[in-house]
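Colleague: I would like to go through this model with you. Can we start with the overall fold and then go inside?

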Amino acid sequence: MPNRRKALVLGGATLAGLACLAAALEERLPRGVSAVLYELAVPPAAAPTPDRVALGDKLFNDKRLSVNDQVSCATCHDPARGFVDHKTVPDGVAAPAQRPQRNSPTVLNAMFNATQFWDGRAPSLEEQAKLPILNPIEMGQKSPDDVVAKVRALPEYREAFSRGHEATYDDIAAAIAAVERTQYAGDAPFDRFVAGDEKAIGAAARRGWGLFNGKGRCSDCHAFSTVSPLFSDQKFHNIGIAAHKTDFIELARKAASTVRAGDLKQVDELAIQTHFSELGRFLVTKQANDIGAFKTPGLRNVALTAPYMHDGSLATLWDVMDHYNKGGVPNPNLDGGMQRLGLTEAEIDDLVAFMESLTSSKFAALAKQEMARQRARKSVRPERETAVAMGKQGHLGDLAPTPDPARPAAFGVLVRGGTSYE
């Protein structure tokens with residue numbers, strides 16, 4: 001039993017009380033967001049309150065948090081665009097001369113991440129919120145004291161924070177984290193399909209769901225269950241993206257003598273500002289098996305978060321599938337799960353249709369617009385290597401089986417009306 005749940009029971013909470021708590025959460029959370037996961041992921045002391053969320057929303061959108069009053073959290077995580085910026089890499093206070101090396105991930109469902117950022121360098125949303133404000137090329141503030149002094153000097157914040165005490169840097173980060181804990185990714189057509197609505201997704205998406213769990217091998221890292229519906233294993237993998245442009249061995253050797261263990265600010269600056277960015281998780285752990293490894297992103301709302309990967313190098317979901325179809329780009333640290341998939345063009349289309357079905361209802365119009373843009377460039381396929389994907393070139397392992405669509409339990413657990421399809 002996880003520690004928090006154990007503490008609740010030992011503290012005198014009854015099973016009936018826990019059931020009531022879970023039921024209350026279920027009513028408040030959108031379909032596809034697990035109440036159990038929420039309870040485990042959101043510490044009681046950090047639970048978003050209306051006042052804290054209102055304050056956090058203002059801070060999240062306030063460009064005055066940056067050193068030049070030009071960049072806010074929302075600059076890179078635009079709520080109107082699914083909390084991304086649709087740029088390969090984002091703008092910051094140093095743009096256009098220098099830009100961050102990492103693509104902006106969505107804030108949606110970030111509260112459920114075991115760690116934050118592409119390399120997991122921050123252990124919580126609060127710690128994540130602090131770093132971009134102080135990064136020299138993101139928001140550019142020199143120190144926490146400078147940020148606090150600037151916020152305290154603004155009348156609306158002075159009033160908001162003075163209800164308890166004068167603002168601290170921890171208070172600012174906590175408020176931003178609070179609003180991020182209200183940004184869910186759920187209520188997608190796929191969620192209605194899992195709940196029993198056979199017509200919630202089309203035939204192509206249903207075929208794609210089968211391929212996702214079988215021949216496409218996607219569920220190896222992007223697994224789904226009703227308790228963990230994030231489509232991410234929360235782990236770090238080298239999938240051969242950085243291998244396009246990096247000599248990992250030499251770069252890791254140089255980084256090993258540069259990185260100071262436990263210096264989160266230094267790691268943040270190396271990851272965002274330098275060529276060491278491509279080492280990924282290695283900058284955090286200095287472990288050889290983490291060279292070039294990046295976090296498995298969740299797939300919810302993936303239809304509207306292009307461009308993809310840690311460096312924004314893949315423009316469309318078809319590019320993503322082409323990359324995986326050929327088994328990635330070989331390198332000494334390539335994850336052992338990376339193998340050719342042998343997917344046909346029709347199967348790739350079905351997988352893309354499935355991923356499109358993971359779009360939250362409130363973003364349906366935006367996803368439709370974004371997918372139209374991606375389909376318009378389907379003929380531009382820089383990652384496609386059909387001979388490799390089909391096993392006519394290279395040696396990249398055997399294909400996974402294709403599930404039988406007549407037996408859904410063979411490729412996923414679908415619970416409909418209380419009945420498990422076995």
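**Contacts, core and rings**

Modeller: Among contacts between residues at least 6 apart in sequence, 69% join residues at least 24 apart. Keep in mind that this is a predicted model.

Colleague: How many helices and strands are in the chain?

Modeller: The elements are counted from DSSP runs. The chain has 4 strands, and its helices number 18.

Colleague: What share of the 422 residues counts as buried?

Modeller: A residue is buried under 20% relative accessible area. Over the 422 residues of the chain, that share is 50%.

Colleague: Which helix gives the largest share of the largest nonpolar core?

Modeller: That core has 71 residues. Leu59, Ile172, Ile176, Phe190 and Phe231 have the most contacts inside it. The largest share is 7 residues, and it comes from residues 169–180, helix α9.

Colleague: How many residues are in the second, separate core?

Modeller: Its members include Ala242, Ala243, Ala255 and Val329. The count for this second core is 16 residues.

Colleague: Which residues does Ile172 touch, not counting those up to four places away in sequence?

Modeller: Contact here means heavy atoms within 4.5 Å. With that exclusion, Ile172 touches Leu59, Leu65, Val147, Val148, Val151 and Phe161.

Colleague: Now the rings. Is the Phe190 and Phe224 pair stacked or edge-to-face?

Modeller: The model holds 14 aromatic pairs. For Phe190 and Phe224, the centres lie 5.1 Å apart and the planes make 85°. Planes over 60 degrees apart count as edge-to-face, so this pair is edge-to-face.

Colleague: How many residues apart are Phe190 and Phe224?

Modeller: Phe190 sits in helix α10 (residues 189–194). Phe224 is in the loop between α11 (203–213) and β1 (236–237). The pair links distant parts of the chain, 34 residues apart.

Colleague: Is Phe224 buried or exposed?

Modeller: Its partner Phe190 is buried at 0% relative accessibility. Phe224 has a relative accessible area of 18%. The cut-off is under 20%, so Phe224 is buried.

Colleague: Which residue has its charged end over the ring of Phe117?

Modeller: A charge sits over a ring if CZ of Arg is within 6 Å of the ring centre and within 35 degrees of the ring normal. For Phe117, the distance is 3.8 Å, and the residue is Arg121.

Colleague: What separates the C-alpha atoms of Thr49 and Thr182?

Modeller: Thr49 is in the loop between α3 (35–41) and α4 (50–60). Thr182 is 133 residues from Thr49 along the chain. Their C-alpha atoms are separated by 9.9 Å.

Key:
Residues are numbered from 1 along each chain as its sequence is written. This is a predicted model: local features need pLDDT of at least 70, side-chain atom pairs count only at pLDDT 80 or more; totals for chains, interfaces and linings use all residues. Side-chain values use heavy atoms; hydrogens and water are left out. Rings of Phe, Tyr and Trp (its six-membered ring) pair if their centres lie within 6.5 Å; planes under 30 degrees apart count as stacked, over 60 as edge-to-face and the rest as tilted. Helices (H or I, at least four residues) and strands (E, at least two) are DSSP runs, numbered from the N terminus. Buried means under 20% relative accessible area, exposed over 50%, partly exposed in between (1.4 Å probe, protein chains only). A nonpolar core is a set of buried Ala, Val, Leu, Ile, Met, Phe, Trp, Tyr and Cys residues joined through side-chain atoms within 4.5 Å.
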